[in-house]
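Biologist: Please take a close look at the lining of the pocket for me. I would also be glad to hear about the enclosed space and the charged pairs, if you have time for them.

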Amino acid sequence: MSTVALIDDHESVRLGLEAAFARDSQTVVFSGSSVSSYLDWRKSSGAAPAEVVVLDLTLGDGTTVTENVTSLVADGASVVIHSVADRPAAVREALSAGAAGVVSKSSALDDVLDAIRTVAQGEALNNVEWASAVDGDRDFGDAQLSTREREVLRLYATGLPLKAVAERLGVAYSTAKENITRIRVKYVDVGRPAPTKVDLLRRAMEDGIVETDGDPSGH
């Protein structure tokens with residue numbers, strides 16, 4: 001089971017989640033009201049980073065969502081935003097900073113637990129809040145991928161090895177590899193880096209290259 005840290009400035013929320021995780025055999029290694037207190041705990045205890053940090057979108061200590069998500073990701077944790085999700089701009093900001101996804105505070109506890117398991121396994125979180133936060137955002141940086149790059153990304157991000165992508169499209173392996181490299185560069189250029197395959201899947205879902213409901217391969 002995964003190790004989880006809870007960061008929310010509402011103690012009642014943390015206590016409710018702690019009880020749910022305990023019933024699910026998830027190990028809550030930290031529970032607190034700020035990212036700085038979590039990082040201080042990490043430093044003083046010498047403990048490994050939590051596999052997943054469940055983070056409130058807005059904390060009462062004056063920090064920004066970008067600061068919080070960036071710090072946690074840099075420290076080695078995957079971040080799931082746990083919020084009322086009624087602030088699309090802030091949700092987009094969290095996703096752009098590297099959060100793995102968002103779960104609404106109105107969601108059933110089972111849905112929250114499912115999200116933690118998904119992210120702990122290194123998979124991208126696919127949910128309605130994510131899609132609605134990104135949909136129609138005119139300020140979301142468009143990577144301007146070519147038709148071929150979009151096809152390579154769709155096949156690669158949804159699970160095919162790069163060699164299989166090349167075979168499927170009838171191109172050389174080196175060509176497919178160059179496409180992935182160019183795709184990563186383009187996303188970096190618009191402030192949406194995608195260093196891992198999970199990140200590429202996230203970008204593909206954000207841009208509608210991969211369906212966010214139903215079969216992710218688009219079939």
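**The pocket and its surroundings**

Modeller: Happy to! Domain 1 (2-139) and domain 2 (147-207) each give at least three residues to the lining of the largest pocket; please keep in mind that this is a predicted model. The space in this pocket comes to about 300 Å³. Its lining is made up of 18 residues, and those closest to the centre are V73, G98, T196, D199 and R202. If you look for elements that give two or more residues to this lining, you will find strand 4 (78-83) and helix 10 (197-206). Helix 10 is the main giver, with four residues. As for chemical character, nine of the lining residues are nonpolar, five are polar and four are charged.

Now for the enclosed space. There is one cavity of 30 Å³ or more, and the volume of this largest cavity is about 30 Å³. Its walls are formed by L6, I7, D8, V13, L17, V54, L55, D56 and H82. Strand 1 (3-7), helix 1 (11-23) and strand 3 (52-56) are the elements that each give two or more of these residues. Strand 3 has the largest share, with three. By class, the cavity lining holds six nonpolar residues, one polar residue and two charged ones.

That leaves the charged pairs. Side chains of opposite charge can pair when their charged atoms come close. In this model there are 12 salt bridges, and three of them are worth following along the chain.

One joins D24 to R117, with 2.7 Å between the closest N and O atoms. D24 sits in the loop between helix 1 and strand 2 (27-32), while R117 belongs to helix 5 (residues 109-120), so these distant parts of the chain, 93 residues apart, are linked by the pair. The two partners sit in unlike settings: D24 has a relative accessible area of 16% and counts as buried because that is under 20%, whereas R117, at 28%, is partly exposed.

Another salt bridge brings together the side chains of D75 and R42, at 2.8 Å from N to O. This pair also links distant parts of the chain, with D75 in the loop between helix 3 (65-74) and strand 4, and R42 in helix 2 (residues 35-45), 33 residues apart. R42 is buried, its relative accessible area being 16%. Strand 4, which borders that loop, may be familiar to you from the lining of the largest pocket.

The third pair is E149 and R182, whose side chains meet at 3.1 Å, N to O. E149 is part of helix 7 (residues 147-157) and R182 is part of helix 9 (residues 173-189), so the salt bridge ties together parts 33 residues apart in sequence. Here E149 is buried, at 3% relative accessibility, and R182 is partly exposed, with a relative accessible area of 40%.

Finally, have a look at R192, R203, E206 and D207, which a network of salt bridges links. R203 and E206 fall within the bounds of helix 10 (197-206), and helix 10 brings us back to where we began, as the element that gives the most residues to the lining of the largest pocket.

How values were computed:
Residues numbered from 1 in each chain as written. Predicted model: local features only at pLDDT ≥ 70, side-chain atom pairs only at ≥ 80, totals over all residues. Heavy atoms only, no water. 1 Å grid on protein atoms, 1.4 Å probe; cavity = no way out; pocket = protein on both sides within 12 Å on 5 of 7 lines; lining within 4 Å. Points joined across faces, edges and corners; volume = space filled by probe spheres on them. Nonpolar A, V, L, I, M, F, W, Y, C, P; charged D, E, K, R; others polar. Domains from an automatic or database assignment. Salt bridge = Lys/Arg side-chain N within 4 Å of Asp/Glu carboxyl O. Buried < 20%, exposed > 50% of the residue type's maximum accessible area, 1.4 Å probe, protein only.
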